[in-house]
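Hi,

Here is the structure I promised to send over. Have a look at it first, and then read my notes below.

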Amino acid sequence: MPRFPGVDYIQFDSLLSEQELLVRQTARQFVDERVVPIIREAYNSAIFPTGLIREMGELGFFGANLEGYGCAGMNSVEYGLIMQELERGDSGLRSFASVQGALVMYPIHTYGSEEQKQRWLPKLQSGAAVGCFGLTEPDFGSNPAGMRATAEKRGGEWILNGEKTWITNGSAADVAIVWARAAEGVRGFLVEKGTPGFETSDIHGKLSMRASITSSLHFSGCAIPESNRLPGAEGLASTLGCLTQARFGIGWGVLGAAMDCYETARSYTLMRKQFGDKPLAGHQLVQEKLAWMITEITKGQLLALQVAKLKDAGRVEAAHVSMLKRNNVSIALECARLSRDLLGANGIMDEYPIMRHMCNLETVKTYEGTDHIHALVIGEKVTGLPAYR
Ligand SMILES: Cc1cc2nc3c(=O)[nH]c(=O)nc-3n(C[C@H](O)[C@H](O)[C@H](O)COP(=O)(O)OP(=O)(O)OC[C@H]3O[C@@H](n4cnc5c(N)ncnc54)[C@H](O)[C@@H]3O)c2cc1C
């Protein structure tokens, strides 16, 4: 299996520091050596490669941009480059790291008590514990404000009732960050595996994100101590704060899938000959597709880099991240479709990563705010008019 050469059309790498290049190299090597050889089988069998969790933890991939508690304290570019390489391996792997870091460790780090941080962050960072994030419900996806899960205060406890669905890592999680409606507004809770009244069931039959666990979470009179409520999380704004972190990682991650599709099409069309001795890559229509892909990937890299710089400067807005997530997912999906086309019949085979990326990207387009919802966020930013309802 040839090693991934990367995509560096306009000397993008010259914008990266030595340390950023080193982090990318570490992640790239991990994906080449540990993910690429096994992911086809894992995807076909619909199994998440759990054996890689501890290795990713040891390499510092979980909560990599957080400080303290064993976290690597990386900048946003380093974090983004890790997501890019992981998603080049498979979106399921990047989803695991996104959920663990941005949707579980981040809320504990940002909204948690000192006791919650000490108890969970080192274990989540190392991969000794797994987390999940329960927001979506059967009747409320794009509009979480409608959530029906409730948290009722009774003495020193909170009683959770309701259902969450489409939850990545749900049944594998040692701790679930669960959002529920209390009398005071939406609140976040740490629900530990095995808590009475808390059950999980896995969702089967997915034709996308097959190498990823997706579950439903069921709560029936589930008693949670006050010490397991996130004390700093107040209202849906706290929930959305977590989503912005995850969406940022997705905006970088999908570039990895796009790069893999581009590179697969480029190398394939250079090898394959039709109509005489001319490689497919020597035809104008083929070159137009390759040119589109590398142009859009390059623009996506620059967008990701600028949003990362704003994030580290404390000047990023959720609407910036919406543009990053929406644009880069959209171009990655189109790269996968064009690449599939350029490989002809071979493009549908699992011998190549293209259809796997394409199917995964259909999920990535939907989760963490659909393409439509991010268009509405951008639309509100430029007009001042919310058009969600
Ligand atoms: C594999 C997978 C993993 C996931 N992991 C998690 C997880 O870990 N945690 C979690 O909480 N959730 C998770 N999700 C759920 C995901 O976030 C939701 O699916 C997503 O928010 C969309 O919600 P929905 O599926 O209910 O679609 P809907 O909200 O029903 O939307 C359906 C369609 O209607 C469009 N639409 C909705 N409202 C509007 C509007 N106002 N204007 C225009 N168009 C609109 C949408 O854009 C979409 O095209 C996951 C989903 C998948 C598929």
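A cut-off first, as several of the notes lean on it: a residue is called buried under 20% relative accessible area, exposed over 50%, and partly exposed in between. Tyr79 has a relative accessibility of 2%, so it counts as buried. Tyr79 belongs to helix H3, and its C-alpha lies 7.9 Å from that of Phe61, with the two positions 18 residues apart in sequence. Please keep in mind throughout that this is a predicted model.

Now to the ligand. Where does the ligand sit? You will find it in the largest pocket. Three elements each give two or more residues to the shell around it: E3, helix H9 (354-366) and helix H10 (371-383). Of these, E3 gives the most, with 3 residues.

The shell holds 16 residues, and the ones that come nearest to the ligand are Thr136, Ser142, Trp166, Thr370 and His372. By type, the shell divides into 7 nonpolar residues, 8 polar ones and 1 charged one.

Which atoms make the polar contacts? Here are three of them:

- Ser142 uses its side chain: a polar atom there is 2.6 Å from a ligand oxygen.
- Trp166 uses its backbone: a polar atom there is 2.7 Å from a ligand nitrogen.
- Leu135 also brings in its backbone, with an N or O atom 3.0 Å from a ligand oxygen.

As for cover, the ligand taken alone exposes 980 Å², and the protein buries 67% of that.

Trp166 deserves a second look for its backbone. Most residues other than glycine have a negative phi. Trp166, however, has a positive phi of about 60° without being a glycine. This residue sits in strand E3, which covers residues 157-168. Is Trp166 buried or exposed? Its relative accessibility is 53%, and the cut-off for exposed is over 50%, so Trp166 counts as exposed. One caution on that value: for residues, only the protein chains count as cover.

Tyr69 is another non-glycine residue with a positive phi, in this case near 55°. You will find Tyr69 in the loop that runs between helix H2 (53-58) and helix H3 (76-89). With a relative accessible area of 23%, Tyr69 falls between the two cut-offs and is therefore partly exposed.

Back in helix H10, have a look at His374. Its relative accessible area is 0%, so it is buried. What does the side chain of His374 have as a polar partner? One of its polar atoms lies 2.8 Å from the backbone oxygen of Glu368.

Two more buried residues, with some distances to go with them:

- Leu103 is in helix H4, which spans residues 91-111. Its relative accessible area is 4%, which puts it in the buried class. From Leu103 to Pro49 the C-alpha distance is 20 Å, and the two are 54 residues apart in sequence.
- Lys311 is in helix H7, residues 284-312. At a relative accessible area of 18%, Lys311 is under the 20% cut-off and so is buried too. Its C-alpha is 19 Å from that of Gly68, and the two residues are 243 positions apart along the chain.

If you open the model with the ligand in view, I would begin at Trp166, as several of these notes meet there: it is among the residues that come nearest to the ligand, it has a backbone contact to a ligand nitrogen, and its phi is positive. From there, go on to Ser142 with its side-chain contact to a ligand oxygen, and then to His374 in helix H10.

Cheers

Technical notes. Residues are numbered from 1 along each chain as its sequence is written. This is a predicted model: local features need pLDDT of at least 70, side-chain atom pairs count only at pLDDT 80 or more; totals for chains, interfaces and linings use all residues. Side-chain values use heavy atoms; hydrogens and water are left out. Helices (H or I, at least four residues) and strands (E, at least two) are DSSP runs, numbered from the N terminus. Buried means under 20% relative accessible area, exposed over 50%, partly exposed in between (1.4 Å probe, protein chains only). A residue is near a molecule or strand if one of its heavy atoms lies within 4 Å of it. A polar contact is a pair of N or O atoms within 3.5 Å; within protein, one must be able to donate a hydrogen and the other to accept it, and residues adjacent in sequence count only if both atoms are side-chain atoms. Accessible areas come from the Shrake-Rupley method with a 1.4 Å probe; for residues, only the protein chains shown count as cover. On a 1 Å grid over the protein atoms alone, a cavity is a set of points where a 1.4 Å probe fits but cannot get out, and a pocket is an open set with protein on both sides within 12 Å along at least five of seven lines; lining residues have an atom within 4 Å of a point. A molecule sits in a cavity or pocket if more than half of its atoms lie within 2 Å of its grid points. Ala, Val, Leu, Ile, Met, Phe, Trp, Tyr, Cys and Pro count as nonpolar, Asp, Glu, Lys and Arg as charged, and the others, Gly among them, as polar.
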